[in-house]
Amino acid sequence: AETRAQVFLEVPYSGDRTELATEADATVTWLVREEGAPSAVAAIEGTALPGEAPYVWIAGESGSVKALRRHFVRDRGLDRRRVTFVGYWRKGLSEDALREVPDETLEES
């Protein structure tokens, strides 16, 4: 409760938006691809991070997750220990095929 959060959620269609129940002080921005939303990196570039020591949690398509992590660590100078990231899937690969491909995000420092 009362935690400040800036949330960006990317969805394919406007009908995929849903009400989010939270007690956090959250500002939610929906990035709807069918409405021409910018990439996640472009959407967050000018956004101020809340608090003095922000924490970033990223999950989604592997390539997008990698780009976002680079943005926060390299471009914004966040300590990489304050950025948690998980690439759940990769465009063009089934879940089984993804398990056979090395996770490139682990190779970054």
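Here is a walk through the structure above, from its overall layout to its pocket, a helix, two strand residues and its salt bridges. Keep in mind that this is a predicted model.

Let's start with the big picture. The protein has three helices and four strands. If you follow the chain from the N terminus, the elements come in the order β-β-α-β-α-β-α. The protein has 109 residues, and 25% of them count as buried. Now think about which parts of the chain touch which. Take the contacts between residues with a separation of 6 or more: 43% of these join residues that are 24 or more positions apart.

Next, have a look for empty space. Rolling a probe the size of a water molecule over the atoms shows where empty space is left. The largest pocket found here has a volume of about 950 Å³. Its lining is made up of 30 residues, and the closest to the centre are Phe8, Trp57, Ile58, Ala59 and Leu68. Where does the lining come from? Strand E1 (residues 4-11), helix H1 (40-44), strand E3 (56-61) and helix H2 (62-75) each give at least two residues to it. The largest share belongs to E1, which supplies eight residues. As for chemistry, the lining has 21 nonpolar residues, along with four polar and five charged ones.

One of those pocket-lining elements, H2, deserves a visit of its own. This helix has 14 residues, and the distance from its first C-alpha to its last is 19 Å, close to the 20 Å expected at 1.5 Å a residue. Which residues of H2 are buried? They are Ser62, Val65, Lys66, Leu68, Arg69, His71, Phe72 and Val73. To make sense of a list like that, it helps to know how a helix turns. An α-helix has 3.6 residues a turn, so residues three or four places apart point the same way. With that in mind, try finding Ser62, Val65, Lys66 and Arg69 on the helix, which are among its buried residues. And what do the buried residues of H2 pack against? Their partners are H1, E3 and strand E4 (83-89).

Now back to strand E1, where you'll find glutamine 6. This residue has a relative accessible area of 30%, so glutamine 6 is partly exposed; the cut-off for buried is under 20%. Setting aside neighbours within four places in sequence, glutamine 6 is in contact with Thr27, Thr29, Thr47 and Pro50. You can also compare positions along the chain with positions in space: glutamine 6 and isoleucine 44 are 38 residues apart along the chain, and their C-alpha atoms are separated by 9.6 Å.

Hop across to strand E2, the home of alanine 26. Alanine 26 is partly exposed too, at 30% relative accessibility. Its C-alpha atom is 5.8 Å from that of glutamine 6, although the two residues are 20 apart along the chain. If you leave out residues up to four places away in sequence, alanine 26 touches Ala5 and Val7.

Last stop: the salt bridges. How many salt bridges are there? The count comes to three.

One of them pairs glutamate 10 with arginine 33, with the closest N and O atoms 3.6 Å apart. Glutamate 10 sits in E1 while arginine 33 sits in the loop between strand E2 (25-32) and H1, so this pair ties together parts that are 23 residues apart in sequence. Both partners are partly exposed: glutamate 10 has a relative accessible area of 39%, and arginine 33 has one of 45%.

Another salt bridge joins the side chains of arginine 17 and glutamate 35, at 2.9 Å from N to O. Arginine 17 belongs to the loop between E1 and E2 and glutamate 35 to the loop between E2 and H1, so here the parts tied together are 18 residues apart in sequence. Arginine 17 counts as partly exposed at 37% relative accessibility, and glutamate 35 does as well at 49%.

The remaining pair is aspartate 79 and arginine 81, whose side chains meet in a salt bridge at 2.5 Å, N to O. Buried or exposed, what is arginine 81? Arginine 81 is exposed, with a relative accessible area of 68%. Its partner, aspartate 79, is partly exposed at 33%.

Conventions: Residues numbered from 1 in each chain as written. Predicted model: local features only at pLDDT ≥ 70, side-chain atom pairs only at ≥ 80, totals over all residues. Heavy atoms only, no water. 1 Å grid on protein atoms, 1.4 Å probe; cavity = no way out; pocket = protein on both sides within 12 Å on 5 of 7 lines; lining within 4 Å. Points joined across faces, edges and corners; volume = space filled by probe spheres on them. Nonpolar A, V, L, I, M, F, W, Y, C, P; charged D, E, K, R; others polar. Salt bridge = Lys/Arg side-chain N within 4 Å of Asp/Glu carboxyl O. Buried < 20%, exposed > 50% of the residue type's maximum accessible area, 1.4 Å probe, protein only. Expected span 1.5 Å × (residues − 1). Contact = heavy atoms within 4.5 Å.
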